[in-house]
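Dear colleague,

I am handing over the structure we spoke about, and below it you will find my notes on its cysteines and its charged side-chain pairs. Please read them with the structure open beside you.

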Amino acid sequence: MDANLKEHQQQAPVPAAAPVAAQKAVANYKGFVAGVFSGIAKLSVGHPFDTIKVRLQTTDSSRFSGPLQCVTQTIRNEGILGLYKGASPPLVGWMFMDSIMLGSLTVYRHLLRDNLFNPPWHPLHDPSRPLPSHGHGLAGILAGMTVSFIAAPVEHVKARLQIQYAARKEERMYKGPIDCLKKVYTHHGIRGVYHGLGATILFRSFFFFWWGTYDVFSRWMKDHTKMSTPAINFWAGGLSAQVFWLTSYPSDVVKQRIMTDNLGGGIGDGVRRFPRWRDAAAAIYREQGAKGYWRGFLPCFLRAFPANAMALLVFEGVMRSLP
């Protein structure tokens with residue numbers, strides 16, 4: 001009997017760290033894959049709103065009195081495709097950007113939960129305890145900083161293309177994203193390509209509010225409604241995106257001013273106006289007062305819900321469907 005017991009103990013499976021590590025690696029991998037589909041969904045729904053937002057952010061009321069006039073003039077002068085100007089960089093860029101952002105967000109969530117908020121060596125460790133909402137916010141900040149190194153050049157090129165108002169390509173300074181990137185790199189090097197990186201990192205630090213409130217809304221809807229999981233993903237994604245833009249929008253206005261500022265030099269676009277972030281911020285206040293920090297907010301706010309709700313619906317759906 002003792003021999004049988006000993007044999008059974010030898011054959012009994014022993015928990016190992018390797019399978020746990022493998023499961024985490026798979027979960028992290030799924031986040032990067034699902035992020036690609038999220039980026040495609042976000043671009044398809046949100047880019048026309050983004051074009052109007054950028055044009056309003058970088059001009060004064062003498063050109064466009066508001067978003068409706070901006071839309072009508074853009075369509076009248078440039079056609080419906082004018083709303084999709086600069087879409088090529090984010091079509092590719094947002095696929096990578098959302099893949100990096102949502103994939104790294106998944107990694108940072110695991111790291112923060114297992115090493116800061118609920119470490120396995122702590123006497124109060126509870127394997128079933130989820131990451132708290134402010135932990136999701138911290139993961140959002142880290143993911144925002146990570147993706148900024150991809151987002152900055154993509155958004156830089158996109159912004160420069162979006163403020164070209166000529167209907168005919170031959171009348172524009174940049175024929176397309178490749179031409180824009182080539183000219184900037186030729187005359188200003190990698191530093192010119194990454195023009196506005198600091199402003200991008202600052203803007204994306206507000207991801208704390210996006211991912212923190214996404215967790216708050218998701219938990220509340222799960223506990224107090226009978227909505228399906230996809231519906232919760234959709235509504236929590238849209239509402240949390242609006243919270244994000246309410247907190248971050250002034251920093252985005254300053255970022256766009258910096259990214260569309262003249263670079264000077266061999267490009268021949270004029271003299272640079274904003275060598276520092278505070279120079280751009282001060283210029284906005286000097287020209288338009290406090291309301292200048294909110295110019296273009298309406299199309300951005302209208303875009304935030306459908307674009308990000310659809311993006312997170314797709315992201316969570318793909319995460320669930322991947323084996």
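Glu 78 is buried, with a relative accessible area of 17%, and in this predicted model its partner in a salt bridge is Arg 55, the closest N and O atoms lying 2.9 Å apart. That pair links distant parts of the chain, since Arg 55 belongs to helix H2 and Glu 78 to helix H3 (residues 67–78), with the two positions 23 residues apart in numbering. Arg 55 also counts as buried, at 0% relative accessibility.

Helix H2 (residues 17–57) also holds Asp 50, which pairs with Lys 158 of helix H5 (residues 133–162), 108 residues apart. The closest N and O atoms of this salt bridge are 2.7 Å apart, and both residues are buried. Asp 50 and Lys 158 further belong to a network of salt bridges that includes Lys 53, Glu 155, Arg 204, Asp 252 and Lys 255.

Arg 113 and Asp 114 meet in a salt bridge at 3.1 Å, N to O; here Arg 113 is partly exposed, at 27%, whereas Asp 114 counts as buried, at 16%. Over the whole structure, the search finds 16 salt bridges.

As for the cysteines, the count comes to zero disulfides. The sulfur of Cys 180 is 19 Å from the closest cysteine sulfur, in Cys 70, and is therefore too far for a bond; for Cys 300 the closest cysteine sulfur is likewise in Cys 70, at 14 Å, again too far. Cys 180 is buried at 1% relative accessibility, and Cys 300 is buried at 0%.

With best regards

How values were computed: Residues are numbered from 1 along each chain as its sequence is written. This is a predicted model: local features need pLDDT of at least 70, side-chain atom pairs count only at pLDDT 80 or more; totals for chains, interfaces and linings use all residues. Side-chain values use heavy atoms; hydrogens and water are left out. A disulfide is a pair of cysteine sulfur atoms within 2.5 Å. Buried means under 20% relative accessible area, exposed over 50%, partly exposed in between (1.4 Å probe, protein chains only). A salt bridge is a side-chain nitrogen of Lys or Arg within 4 Å of a carboxyl oxygen of Asp or Glu. Helices (H or I, at least four residues) and strands (E, at least two) are DSSP runs, numbered from the N terminus.
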